[in-house]
Every structure is written in C-alpha cells, then in structure tokens.
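Me: Could you take one part of this protein and walk me through it slowly? I am in my first year, and I would like to understand the sheet and what surrounds it.

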Amino acid sequence: MAFEGLADRLQNTIQKIRGKGKVTEADVKEMMREVRLALLEADVNFKVVKDFVKKVSERAVGQEVLKSLTPGQQIIKIVNEELTELMGGEQSKIAVSNRPPTVIMMVGLQGAGKTTTSGKLANLLRKKYNKQPMLVAADIYRPAAIKQLETLGKQLSMPVFSLGDQVSPVEIARQAIAKAKEEHHDYVLIDTAGRLHVDETLMNELKDIKELTKPDEIFLVVDAMTGQDAVNVAQSFNEQLGLTGVVLTKLDGDTRGGAALSIRSVTQTPIKFIGMGEKMDALEPFHPERMASRILGMGDVLTLIEKAQANIDEEKAKELEQKMRTASFTLDDFLDQLGQVRKLGPLDELLKMMPGANKIKGLNNLQIDEKQIAHVEAIIRSMTKQEKLHPEIMNSSRKRRIAAGSGRTVAEVNRLLKQFEDMKKMMKQMSGMQQKAKKKGGFK
Ligand code: GDP
C-alpha cells in the first residue's frame with residue numbers, strides 16, 4: 001500500500017510520545033526532527049515539509065499543550081490536524097451545474113490513467129450519485145484511446161460519444177454536449193488527448209476545448225507513482241489551464257505518497273479522487289482527514305463502512321443473519337455470503353483500514369489468497385441443488401464428480417465440507433446460548 005514507509009516511521013515517532021505525562025520542548029524538537037525525515041523520505045516537497053514542521057512545532061510547544069494532562073495525545077492530535085490541512089482540509093466535492101449537463105474535462109499525460117479514470121468516474125457518478133453520464137472520446141491521437149474508451153463504455157453499459165479520429169477534438173466536444181442535452185445526460189466526461197510531456201500544441205488544444213465547452217471541472221489525472229514529477233506536472237497544467245481538481249491514480253501501488261501530500265499545498269488545487277486499482281470500481285472520493293488517520297495508524301473505519309453500505313444488500317444480510325440464528329444456513333447461503341464479502345474489494349486492502357492494523361505483526365506481509373475463495377466458490381457451484389441443501393448425502397462418487405467439475409481435488413472438497421459442518425455446529429451452539437440467555441432475560 002502507498003504510504004507504508006511514511007506510516008511506519010510516523011507511527012513509531014508518535015508511539016514514543018503518546019503516553020508521556022510530561023513533554024519538554026526538547027522532546028518536541030526531537031520528534032519534529034524525525035517527522036521531518038519521514039516526510040522527506042516519503043518524497044514530500046522540501047518546502048512543504050519545512051512549513052509543516054514549523055506549524056506543528058509552534059502549536060506543540062504552546063503552553064497549553066505542554067502543560068496539559070495528556071501532552072503526548074495533544075501533539076498527536078495536532079499532527080493529525082495539520083496533516084489533514086496539508087491534504088486540503090475538507091473533502092472537496094464534485095461540481096453540479098444548475099444548467100445540465102455538468103461538463104468535466106479530463107486532462108493529463110499519457111499513461112497517467114486518464115481513460116481508465118474517465119470510465120471509473122462515470123461509473124462512480126452513476127452508482128454513488130445516481131447520475132446519467134456520457135463519455136466523450138476526444139483523444140484522437142493515441143491510436144487505441146477511442147477503442148479503449150468504447151470498450152470501457154460497453155463493459156459499463158455507459159454511452160460513449162465518438163466521431164472517430166478525423167474530426168477535431170473541439171468539434172467532437174461541441175457535438176457531444178449538444179447530444180447530451182438532447183438525451184438529458186447530466187454529466188459529460190471528455191477524455192482529452194495526452195502527450196508524453198507537457199507541450200504547447202497540447203496545451204493550445206486543451207485551451208480551445210476549454211474555451212468552447214466552458215467546463216464546470218477540469219480534472220488533471222496524475223500518476224502518484226511519479227512522485228515529485230506529478231507535482232511539477234500539476235503545477236504546469238494548473239498555470240496553463242486553471243485546474244479545479246486532481247485525480248491521483250495508482251495509490252494502490254507501492255508509492256511513497258509524497259505526491260498526495262504535496263500537490264494541494266504546492267498547486268492550491270484539491271485532490272478530488274484517488275485511484276486504488278485497475279478495476280472500474282477502484283476510484284474513491286478523497287477525504288483528507290481519513291487519509292491522515294490512515295497514515296497515522298488510526299484506521300479508516302468510515303471508508304470501510306461506506307464500502308459495506310454501497311455493496312452489501314441489506315435485505316440479504318438480514319436474511320442471512322436470521323438463517324444463522326436458526327441454524328438453517330445452507331451451502332448456497334455460504335456462497336452468497338462469500339460473494340457479498342468479495343464485493344467490498346481486495347481483502348488485504350480492507351484489513352488495512354482497521355485501526356491499528358499496521359501494528360499487527362505480519363499483517364503487512366499477509367496476502368489473503370483471493371484464489372482460495374474462488375476455489376471454494378467453484379466447488380460449491382459444482383454441487384447439485386440436493387447436495388447443497390443436504391451435504392450429508394455426499395458420498396465418494398459425488399465428491400469425485402464435484403472435484404472434477406470444479407477442477408479441484410477430493411481432499412479440498414472434503415475440507416470445505418468439514419469447515420461448513422464446523423461452522424454450522426458453532427452457529428447451533430451460539431443460537432442455543434442465545435435462547436438460554438433470552439430465557440434468563442440477560443442477552444439482547
Ligand atoms: P491514459 O494514457 O492516461 O489514458 O492511461 P490509461 O487509462 O490507458 O492507463 C494506463 C495504465 O494505468 C492502464 O494499464 C491502467 O489500467 C492503469 N491504471 C490506471 N489507474 C490505475 C490505478 O488507480 N491503479 C492501478 N494499479 N493502475 C491504474
């Protein structure tokens with residue numbers, strides 16, 4: 001995950017000061033030296049680091065902090081607040097035009113993830129905000145770009161407006177917006193051309209599109225893995241075009257995180273979304289305070305809850321709970337449950353959002369094997385209806401058939417059946433305990 005090194009170092013530093021009943025100015029100085037090094041090592045812009053350390057130091061040596069009953073805790077709170085502020089303070093929301101469609105221009109260098117992010121953003125707008133977006137293929141230079149966007153559109157069942165590569169991007173944008181008005185789309189996302197470097201021809205073309213479409217948002221898509229380069233790119237795009245927001249991609253990768261911490265401060269442009277993977281649902285609104293908590297090891301429970309709310313069918317969850325309680329849980333229900341959990345995203349990413357998760361030894365190296373889950377699903381899917389409802393009828397010829405059907409071994413089939421049996425036993429015991437407790441009137 002991004003920020004791993006920074007998170008580790010900052011957490012070690014604050015660990016030292018956390019429980020201290022008495023903190024001196026020298027302690028604060030020592031701590032700030034470590035914070036400074038941690039930030040520089042994470043590739044945070046030099047000037048940003050200097051300002052940050054200065055602000056935190058000034059607040060930390062304030063009389064009321066050092067004299068308070070919990071100076072260590074107070075200092076951690078200050079670091080958390082300043083880190084949040086550095087990344088933009090409040091979450092920056094996406095614009096809504098009162099004369100639809102809302103027009104969003106997606107700009108950025110080649111390979112930053114512009115086309116992918118356009119698809120992801122359209123998907124998010126529809127899923128989370130109930131909007132009807134239209135994608136516009138205006139990158140006529142990269143040979144595969146139009147095709148790529150059309151493929152994404154098909155995959156998402158999202159309309160893509162394209163006029164091929166012989167019409168100018170400005171004209172494509174003009175016709176696209178007219179069409180969007182006609183068809184009542186509320187968002188238009190224009191995927192513009194990228195280049196390998198910032199160059200004048202590109203900027204002039206983008207300025208022309210801006211002039212014509214009067215976009216409500218101009219989002220720069222930058223690759224977080226490129227560190228300080230991302231900050232420089234953001235600065236020059238901002239000077240030329242006037243950005244309204246930045247989307248930082250590839251934060252799921254092994255980036256040190258410096259870009260996320262510097263961009264807002266250097267360019268005064270808020271980070272609006274972060275890309276957390278290649279899949280179409282791997283885009284999250286950026287919440288500075290949650291990111292600060294993640295970096296300081298305080299967890300990101302809010303994002304976890306939101307993911308659960310967006311992806312888990314509540315009716316189904318209630319039904320499952322009822323079944324567990326009455327111990328009438330079948331292999332089919334088990335399959336359902338696995339499916340629901342999987343919808344939340346990669347399991348190791350989820351675990352890392354838990355408070356204190358990176359202090360649990362071994363968790364960082366833990367690779368939850370998603371394949372294992374897929375194997376379990378394959379085995380259950382190879383069973384007949386009868387077998388799923390009554391696993392006790394399972395004999396060796398049935399097991400062999402299931403193993404062959406799912407491409408797994410008989411031993412794996414046995415292991416799954418045993419686990420399922422154990423689980424049911426446990427559910428029975430638990431519901432038994434609940435019944436007893438209810439009679440005694442002790443359990444809720
Ligand atoms: P464009 O040239 O800016 O349009 O870039 P593309 O959209 O073609 O993306 C370039 C590559 O980056 C593709 O392989 C994407 O799958 C990948 N990519 C984009 N966003 C993310 C992200 O958030 N995480 C990861 N891991 N890969 C990403």
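**Around the sheet**

Reply: Let's begin with one residue, K250, which counts as buried because 22 other C-beta atoms lie within 10 Å. The rule behind that word is simple: a residue is buried if 20 or more other C-beta atoms lie within 10 Å of its own, exposed if 12 or fewer, and partly exposed in between, with C-beta atoms placed from the backbone. This is a predicted model, in which local features need pLDDT of at least 70 and side-chain atom pairs count only at pLDDT 80 or more, while totals for chains, interfaces and linings use all residues. Residues are numbered from 1 along each chain as its sequence is written.

K250 has another feature to look at: its phi is positive, about 65°, although K250 is not a glycine. You will find K250 in the loop between β6 and α11 (258–267). Names such as these come from DSSP runs: helices are H or I runs of at least four residues, strands are E runs of at least two, and both are numbered from the N terminus. By that count the protein has 20 helices and 8 strands.

Now for the sheet itself. Its 8 strands make an open sheet with mixed pairing, in the order β3-β2-β4-β1-β5-β6-β7-β8. At the edges are β3 (160–161) and β8 (283–285), each pairing on one side only. Here, two strands pair if DSSP finds at least two bridges between them. In general, strands of a sheet pair through backbone hydrogen bonds, either parallel or antiparallel.

Follow the parallel pairs through part of that order. β2 and β3 run parallel and are joined by 2 bridges, with V160 in β3 as the bridge partner of L135. β2 also pairs with β4 in the parallel sense, over 5 bridges, and there the partner of L135 is L189. Next, β4 (residues 187–191) pairs with β1 (residues 102–107), again in the parallel sense and over 5 bridges. In that pair, M106 stands opposite D191 of β4.

Helices pack on this sheet too. Helix α7 (residues 145–156) touches β2 (133–137), β3 and β4, and its direction makes about 160° with that of β2. Helix α10 (residues 228–241) touches β1, β5 (217–223) and β6 (245–249), and its direction makes about 160° with that of β5. The touching is judged by contacts, meaning C-beta atoms, placed from the backbone, that lie within 7 Å. For the angles, axes are lines fitted to C-alpha atoms, for helices over the stretch in contact, and values run from 0 to 180 degrees between N-to-C directions.

Look at β2 once more: 5 of its 5 residues are buried. In a regular strand the side chains alternate between the two faces of the sheet. Both faces of β2 are covered, with P133, L135 and A137 on one side and M134 and V136 on the other.

For contrast, find H184 in the loop between α8 and β4. H184 counts as exposed because there are 10 C-beta neighbours inside 10 Å. Phi of H184 is near 60°, a positive value in a residue other than glycine.

One last stop is the loop between α5 (71–86) and β1, where P101 lies. A cis peptide bond joins P100 and P101, with omega about 5°.

Technical notes: Contact = placed C-beta atoms within 7 Å.
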